[in-house]
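Student: Could we examine the structure below through a series of questions and reasoned answers?

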Amino acid sequence: MEKLLKELQHADLQRQTRRHFLQSCGFGLGALGLGSLLSSCGDSTAGTDISAENILAKIPQFAPKAKRVIYIHMAGAPSQLELFDYKPELVKYHGKDCPAEFLEGKKFAFIQGVPKMLGPQGKFAQYGQSGAWMSDYVPYLQTVADEITFVKSMHTDQFNHAPAQLLLHTGSARLGRPSLGAWAVYGLGSENKNLPGFIVLASGGRQPDAGKSVYGSGFLPSVYQGVQCRTGGDPVLYVTDPSGMNRNMRKQTIEAINEINRQTYEDVQDPEILTRISQYEMAFRMQMSVPEVMDVSKEPQFILDMYGVKPGEGTFAMNCLLARKLVENDVRFVQLFDWGWDGHGTSAGDNVEGGLRNKCQLSDKPIAALIQDLKMRGLLEETLIVWGAEFGRTPMQENRNGLVMPYMGRDHHLDAFTMWMAGGGVKKGYSHGETDELGYYGVKDRVHVHDLQATILHLMGFDHEKFTYPFQGRNFRLTDTEGKVVKQVIA
Amino acid sequence: MRNRVYIGIGVAVILMSSFTWSGGWFGQKVDYNSEVKPILNKHCMGCHGGVKKAGDVSFLFEHEMLEPGKSGKVPVVRGDADASEMIRRILSNDPDEKMPKNGTPLTEDEIGTLKNWINEGAAWEKHWSYKRIEKPEVPSLNNVWNLFGLLDTGDKKWAKNEIDHFVLKKLKEKELSVSPEADRATLIRRVSLDITGLPPTEQEVSDFKNDKSENAYEKVVDRLLKSQAYGERWTSMWMDLARYADTKGYESDGGRTMWRYRDYVVKSFNEDKPFDQFTIEQLAGDLLPKDQNGFPKEQNLIATGFHRNTMTNNEGGTDDEEFRTAAQIDRVNTTWEVWQGTTFACIQCHSHPYDPIPHEDYYKYMAYFNNSRDEDVWDEWPKLRFYKGEDSARVERVKDWIKKYNPAQEADVNQFMRVMEPKINAHNFVKGDESTVHLISYYAVKDKGNARIPQVDLTHADNVVMNVSTKAEKAVLKLHLDKLDGPVISEIKVPVRDTVVIAPISKAAGKHDIYLSLTSPKMPEEWVRITWAAFQKALPGKDQPDYAQIVADYATALTKSTESMPVIWEGKGDFARKTHVFVRGNWMVKGAEVKPDVPKLLAPMPKEFSKDRLGLAKWIVNRENPLTGRVIVNRFWEQLFGRGLVETVEDFGSQGSEPTHQELLDWLAVKFMEEDHWSVKKLLKTIVMSATYQQNSKSDKVRQEKDPYNIWISRGPRVRLSAEQVRDQALACSGLISDKMYGPSVMPPQPDKIWQSPYSGESWIVSEGPDRYRRGVYTYWKRTAPYPSMTTFDAPSREFCQSRRILTNTPLQALVTLNDPVYLEAAEKLAGTMKKRGKTPEQQLSEGYRMLTFQPIEAKSLNVLLKIYQEALTNYKKTPSDVDSILVYGKEKSPELAALTISANVMLNLDNVVTKE
C-alpha cells in the first residue's frame with residue numbers, strides 16, 4: 001500500500017472514534033483486515049495496539065472484478081422508452097387515454113387527471129451479435145452493443161429528483177448516508193498517492209439536484225467524500241497558487257511550513273503534526289497532479305476526435321475523457337453527473353423529441369468512445385461503467401396542470417427504467433429484465449436500486465450485507481435492509 | 001523494624017485497592033452493566049433485542065428474559081444457571097441449538113460471567129446513564145498513596161479544584177502523571193480560543209504575563225466570560241445542534257429568514273441565561289406566559305425557531321403531509337440527541353435495539369410536537385411578522401380600536417396579525433372540478449371550478465379571511481354551506497392581485513363543509529390561487545364611523561409582505577392533531593392512537609407539569625431527568641478538551657462509549673444543576689480553573705504509549721481549531737476582523753460556481769465593508785452548498801442535528817489556508833504590520849510569529865523563515881511584476897512587503913497556529 005494512504009489512514013484513525021473501529025471487528029472488513037485487532041474487540045480501553053498498518057489492510061471480502069468504477073449519471077432522468085426499452089405496442093396506443101389501472105392509487109410529479117399515451121419517438125433496431133434493441137438516438141452506442149449489459153426492469157421508490165438521486169447513490173432517500181463512491185474508497189482504499197480516491201465531475205451547467213450529498217461521505221470520515229473537480233476555474237478549490245507566487249516558491253513555502261512543523265513535533269510529540277506534514281506534501285502534489293490529469297491538451301488528436309472534445313471545454317464529452325484519464329491514474333471511483341435530462345415537454349429543451357435527441361448527441365459519442373478507449377488500453381476488464389438515472393419516464397405524455405403540453409414530454413416514473421453497465425465483470429451483450437408491453441411496469445426480473453447497489457458492491461468484492469459501518473448504535477450499510485445481488489448480470 | 005511493617009501493610013492495601021478496582025476479585029458480585037450487558041449486546045441482542053425477538057426470546061426488558069420463549073423454556077432462571085435455557089443453548093454442541101446461531105461462540109470467560117451472574121440471582125440494573133444523577137464524593141487526596149509517601153506529595157499542591165481530584169484518581173490507576181502548567185502565553189491563547197473563539201490581543205497577553213497577582217488567571221477568565229465574543233463562540237457550537245441554516249433545505253433549498261433565532265442564541269449565551277430556561281424557551285417559548293397583549297413574548301417566540309430549523313420541501317408533487325411528518329420526526333430525534341444524548345431514531349420503526357425503550361414511546365413523545373401548525377407549506381407558515389413604519393402604525397391602530405370596543409377580542413386579533421394563526425392551509429381543501437392542488441401548497445381554481453373545505457367551525461365566525469391572487473378580471477368566488485349548490489354564505493369579488501380579502505359570511509352555527517365555487521366568465525382560463533383561509537369573528541365597533549378604515553387597516557396589515565421568521569405555534573381545538581404509532585416507521589400505516597408521554601425508562605412526568613410541550617421541556621430540565629445534566633455538561637467539556645468524558649457525546653445509551661470519569665461527570669452535572677443553577681458561565685469557569693485544564697499539552701513517549709488519545713488527561717488539550725476559529729483567528733491576528741454583531745447573515749468572498757440552486761435565481765452577492773470580515777458564525781449557511789472552507793474544515797451541512805464534528809486532517813484544508821484569498825489578504829495585512837514594527841527581516845519575522853502564537857520564535861524556526869523570506873525577496877526583486885500580482889489588497893507595493901506576505905502565508909499555515917495548544 002502507498003505510504004500516503006497509510007498516513008491518511010493514520011490521520012483518520014486519530015480522529016475517528018476508536019470505538020467504531022473496535023466495534024467493526026467481527027463485521028465485514030474488520031474480520032478480514034484487522035487480524036491483530038480482534039484481540040482488543042470490546043475492550044474500550046485498549047488502544048496502543050492499533051497501528052495504521054492494520055487499519056490500512058484494505059482487503060475486499062472476495063476477489064473484485066471491478067477495481068475501478070466510472071458511474072455516469074444522467075441527472076433529470078432520460079426516457080428509457082426513447083432509447084432502449086422498445087415497446088411497439090405503445091405505438092398503437094399513441095394518443096389514446098391512459099388505461100385506468102395505470103393511474104389507480106398512483107402519484108405523479110405533474111400528471112393530472114387522465115393523460116394520453118405517448119408512443120416511442122425513436123426508431124428502434126437490433127444491434128450487435130447480441131441483438132440489443134437501441135434507437136437512432138444513440139448511433140455510437142449501437143457500435144459497442146456487445147460490450148453492454150442492459151437492465152430494463154429497474155425500479156425505485158422515489159419520484160422526485162433529489163430523493164431519488166439520494167436513494168440511488170446513498171441507499172436512502174433522506175440525507176446523511178455515505179455515497180456509493182465513499183463506500184468504495186472506504187472499502188478498497190486509494191491507489192494513487194497524488195489524487196483523491198473519489199472524484200466527481202459535473203456537466204450540463206448545474207449540480208445534481210440533491211447537491212453534494214450524492215457524493216458525500218455521510219457518517220463515514222470526510223476523507224472518503226467525493227472531491228469535485230470543476231471544469232471551470234480551479235479543478236479543485238484553491239488548488240491554484242495565487243498569481244505572483246510561482247511553483248518554486250510554493251514548493252519552498254511548503255517546505256518551510258513542514259520544516260517548522262517538524263520542529264514543533266520534536267517539541268510536543270503530537271503525531272497529528274506528522275499527519276499534517278504529509279497532507280501538505282499531498283496538497284503540493286495535488287497542485288501538480290490535479291491540473292495535469294485535468295489537462296487534455298497532450299492527448300493525441302485522434303483521441304480528442306473520438307470523444308469529440310476540444311481542449312478547454314467543460315462538456316460532458318470532456319468529462320468522459322477525463323474519467324478515462326482518472327481511472328488510468330488509478331482513481332478508484334469517478335462519478336460523472338450531467339444535468340438536463342428531465343424531459344417534461346414544457347420547452348424546446350426538455351422534451352423527448354428534440355431535447356432528448358440533443359442531449360444524446362452530446363453524450364452518445366463520448367460514451368461509446370470511453371468504452372472503446374478503455375478497451376483499447378486493456379482497462380475495461382477491471383473498470384465498471386454504470387450508466388443511468390434516478391428513475392425513468394412514464395409511457396404517458398405529461399399533461400401538466402391538465403393541459404396539453406407544447407412539446408412531447410414524459411413525467412417522472414419510478415416503476416420501470418433502464419440502466420446499463422459495461423466492463424468490470426458484467427456480461428457482454430446481455431439484457432436483463434423485461435417490462436410490460438407498454439413499458440409501464442417491470443414484469444420479469446425486476447431490479448430495485450438497492451439490488452443494483454448490492455450488485456455493484458459485489459463486483460467490487462464486497463458482500464453488501466456484511467459491508468457495514470456502525471453509527472448511532474446501528475450497523476449501517478449502503479443497501480439499508482434491502483438488496484439482492486443480481487447474479488444473472490455477472491460474467 | 002516497625003517501619004518495615006508499616007510499609008508492608010501499605011503495599012498490601014495498595015495492591016488490594018488496585019485489584020478491587022478492576023472488578024470481580026475478592027468475592028465481588030458480577031456487575032450487570034459493566035460485565036453482563038456488554039456480552040448480551042455483543043452476542044445476543046441482535047436477534048433477541050428490540051428489533052427481533054427470535055423464538056419469542058428477548059433480553060431487552062427485565063421481564064422478558066424471565067418469560068418462557070416459544071419453546072416453553074425460560075431463558076434465565078434466577079439463581080440457577082443450569083436450569084436456564086440461555087446457558088444450555090450457549091453450551092450446546094448441537095449446531096441447530098447452539099447460541100449464538102452462526103455467530104462467534106462465547107469465550108470461557110464470558111460464559112463464566114453469565115453463569116455467575118445467573119447463579120447470583122441475575123440482578124437487573126438500569127444502564128448507568130438512566131439512573132438518577134447523584135453527587136459523588138470528591139476523592140480525597142489524603143489517601144493511602146500519599147500517607148505512605150509513595151507518590152508525589154505535589155498532588156495536593158497541583159490540584160486547584162475538585163475536577164483535579166477526580167482526574168488524579170484515574171491517572172493513578174493508569175499509572176500516569178500530570179503535566180506542568182502551560183506557560184502563560186499558551187494558557188491565555190488556549191482559554192481565549194476556548195471561551196471566545198478568538199485569540200487574545202497582544203495587549204491582553206502582555207497584561208497577563210506581567211500580572212503577578214495570585215488571581216491573574218481568574219481575572220482573565222472572568223474578562224473572557226464577560227466579552228461579547230463569548231456568545232458568538234458558543235453559538236457556533238449550538239448552531240450545529242440546532243441545525244441552523246439560512247435556507248430551507250431539500251432540492252430547491254431556497255432562502256429562509258432565520259437569523260433572529262441565531263441572534264437570540266448569541267444573546268442568551270451572553271446574558272448567561274440559565275440553561276434550563278434556555279431549553280424551555282426553545283422547545284416551548286410559544287406556551288410560556290403571555291405579555292400584556294395576550295401574545296407570547298417576542299423573544300420567546302423567536303426562541304422556538306430552534307425547531308423551525310427543520311427542512312421544508314418545496315418541490316413539485318411532494319406531499320406536504322409526508323414532509324410535515326419528516327419535520328416532526330426530526331424534532332423528536334433532535335430533541336433526544338441534543339438534551340438526552342440518545343439516538344432515538346431507531347425507535348421510530350421498532351423498540352430500541354439495545355436499550356429498553358419500547359416502540360410506542362417514540363410516538364407518545366412525538367405527540368408533544370405534533371400539534372405545531374407548520375405543515376410544510378411553501379411560505380413556511382406560521383411565521384412571526386415584524387411590522388415596520390406605516391404597517392406598524394396600522395397594527396397599532398387596529399389594536400387600539402379593539403382595546404376600545406372589545407378588549408376580549410384583542411388576543412385573537414393581535415395573534416392573527418403577528419402569526420396569522422389559526423388558518424386553514426389550502427392543501428387541506430378537497431379537490432373539486434377545474435381545480436388543482438399541486439406544486440407548492442396553494443389551491444388553484446378557474447371558471448366553473450370548485451373545492452370543499454371540510455368541517456369548518458362557524459359558530460363564532462362573521463368573516464372569511466382569505467389569501468387570494470389572480471390575473472383573472474371579474475372573478476367571483478362563492479362560499480356555499482354544506483353542498484356545492486347549498487346556500488351562499490359569502491360572495492367575494494376577487495381582486496386582480498395577491499391580497500388578503502375579508503368578506504362577511506352569513507351566520508351558521510356548528511361545523512360545516514364549505515364549498516367554494518368560482519365564476520370567471522371574462523377570463524375563464526386564468527387561475528385564481530388561494531393560499532389559505534380563516535373564519536373569524538368580525539372586528540368590533542361596527543357602528544362606529546371609522547369602522548371601514550379599521551377593517552381596511554387590518555386587511556392591509558395582513559396583505560403586506562413584512563419581515564418574518566418561522567416559529568412554532570401550537571394548534572388548538574380543531575387545529576390539534578391526533579398522533580398514531582406508525583407501523584414499522586411508515587407514516588402512511590397508522591397504528592394505535594397515542595397520548596403524549598415520556599419514556600418510563602427515565603424519570604416519570606411530574607403531575608404538576610402540563611401535558612404539552614411546555615411540560616415536556618420542564619421534564620427535560622427537571623433535576624430528576626438522569627440524562628440532561630450529564631449530556632449538557634459533557635458537551636461543554638468536549639468543546640474544551642476535544643473529547644467528551646463520554647466520547648460519544650451523541651449517545652449515552654448502552655451502545656455509546658463508557659464514561660472515562662463517570663464520577664467527575666456526575667459531580668459536574670449536579671453542581672451545574674443545583675449549585676450553579678444551570679449557569680453555563682459558571683460551569684465553564686469551573687472547568688477552565690482546574691489544574692487539569694491548565695496543563696501544558698506536550699506529549700512524550702510514555703504518554704504516547706500509555707494514553708495516545710489523552711483519554712486520562714495527563715496533559716492539556718491539543719486540538720485543531722474549528723472551521724470558524726481557523727477563519728476568525730486569521731482575521732483577528734491580522735487586524736481585519738469586524739466586531740459587528742447580529743443581523744442577517746453575510747456573504748464573504750467565495751469561489752464562483754459554488755451556488756447552483758435549481759429553480760431559484762438566488763446568488764451569492766459578496767458583502768462589502770465590515771461584513772466581509774465578520775466572524776464565521778455570521779456567514780450565510782446554505783444547506784446544499786455551505787461556505788466551502790467551512791465544510792473543508794469539517795463543519796456539517798446542518799441538514800440534521802450533528803453533535804460532533806469528527807476532525808479530519810486533509811490536503812484540501814492545506815489548500816484553503818494556503819490559497820484561499822481570505823488567508824492571502826490576512827497574510828498581506830499581517831505583513832504590513834510586521835514591516836512597520838521591525839527594522840530588520842529578523843525582527844519583522846519574529847514579530848509576525850509572535851502576533852500569531854504569542855511566543856518568541858526559536859532560532860531554528862527563524863532561520864527557516866529567514867530563508868524563505870530571502871528567497872522570496874530575491875524573486876520579487878528579479879520579477880517586479882510578481883509584486884503587483886501578489887499584493888492586491890493594500891497600497892504599498894514593494895518586494896520587501898511581498899516577501900513578508902509570503903512569510904506570513906507560511907506562518908498562517910503552521911501547525912501551532914491552526915492548533916489550540
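The following exchange concerns a predicted model and takes up the contact between its chains, a sheet, and some backbone features.

Student: Which helix of chain B supplies the largest share of the side that touches chain A?

Tutor: The contact involves 74 residues of chain B and 72 residues of chain A. Several helices of chain B each supply at least two residues of this side, including H2 (32-44), H30 (811-819) and H35 (895-908). The largest share, eight residues, comes from H33(B).

Student: How do the residues on the side of chain B that touches chain A divide into nonpolar, polar and charged?

Tutor: This side of chain B consists of the 74 residues in contact with chain A. Sorted by character, they divide into 30 nonpolar, 25 polar and 19 charged.

Student: Which strands stand at the edges of the open sheet of five strands in chain B?

Tutor: The order of the strands in this sheet is E3-E6-E11-E8-E9, and the pairing is antiparallel. A strand at the edge has a single partner strand, so one of its sides is left without a neighbour in the sheet. In chain B this applies to E3 (430-431) and E9 (488-493).

Student: Which residue of E6(B) stands opposite Val430(B)?

Tutor: Strand E3(B) and strand E6(B), residues 450-457, run antiparallel and are joined by two bridges. In E6(B), the residue opposite Val430(B) is Arg452(B).

Student: Where in chain B is Pro422(B) found, the residue that follows Glu421(B) in a cis peptide bond?

Tutor: Most peptide bonds are trans. The bond from Glu421(B) to Pro422(B) is cis, with omega near -5°. Pro422(B) is found in the loop between helix H20 (410-419) and strand E2 (424-425) of chain B.

Student: What is omega for the peptide bond from Met99(B) to Pro100(B)?

Tutor: Pro100(B) has its place in the loop between helix H4 (85-91) and helix H5 (108-119) of chain B. The bond that joins Met99(B) to Pro100(B) is cis, with omega near -5°.

Student: Is Glu175(B) buried or exposed?

Tutor: Glu175(B), a residue other than glycine, has a positive phi near 55°. Its place is in the loop between helix H8 (162-173) and helix H9 (184-196) of chain B. A residue with 12 or fewer C-beta neighbours within 10 Å counts as exposed. Because Glu175(B) has 11 such neighbours, the residue is exposed.

Student: What is phi of Lys448(B)?

Tutor: Lys448(B) lies in the loop between strand E5 (443-445) and E6 of chain B. With 15 other C-beta atoms within 10 Å, Lys448(B) is partly exposed. Although Lys448(B) is not a glycine, its phi is positive, at about 65°.

Notes. Residues are numbered from 1 along each chain as its sequence is written. Chains are lettered from A and ligands numbered from 1 in the order in which they are written. This is a predicted model: local features need pLDDT of at least 70, side-chain atom pairs count only at pLDDT 80 or more; totals for chains, interfaces and linings use all residues. Two residues are in contact if their C-beta atoms, placed from the backbone, lie within 7 Å. Helices (H or I, at least four residues) and strands (E, at least two) are DSSP runs, numbered from the N terminus. Ala, Val, Leu, Ile, Met, Phe, Trp, Tyr, Cys and Pro count as nonpolar, Asp, Glu, Lys and Arg as charged, and the others, Gly among them, as polar. Two strands pair if DSSP finds at least two bridges between them. A residue is buried if 20 or more other C-beta atoms lie within 10 Å of its own, exposed if 12 or fewer, and partly exposed in between; C-beta atoms are placed from the backbone.
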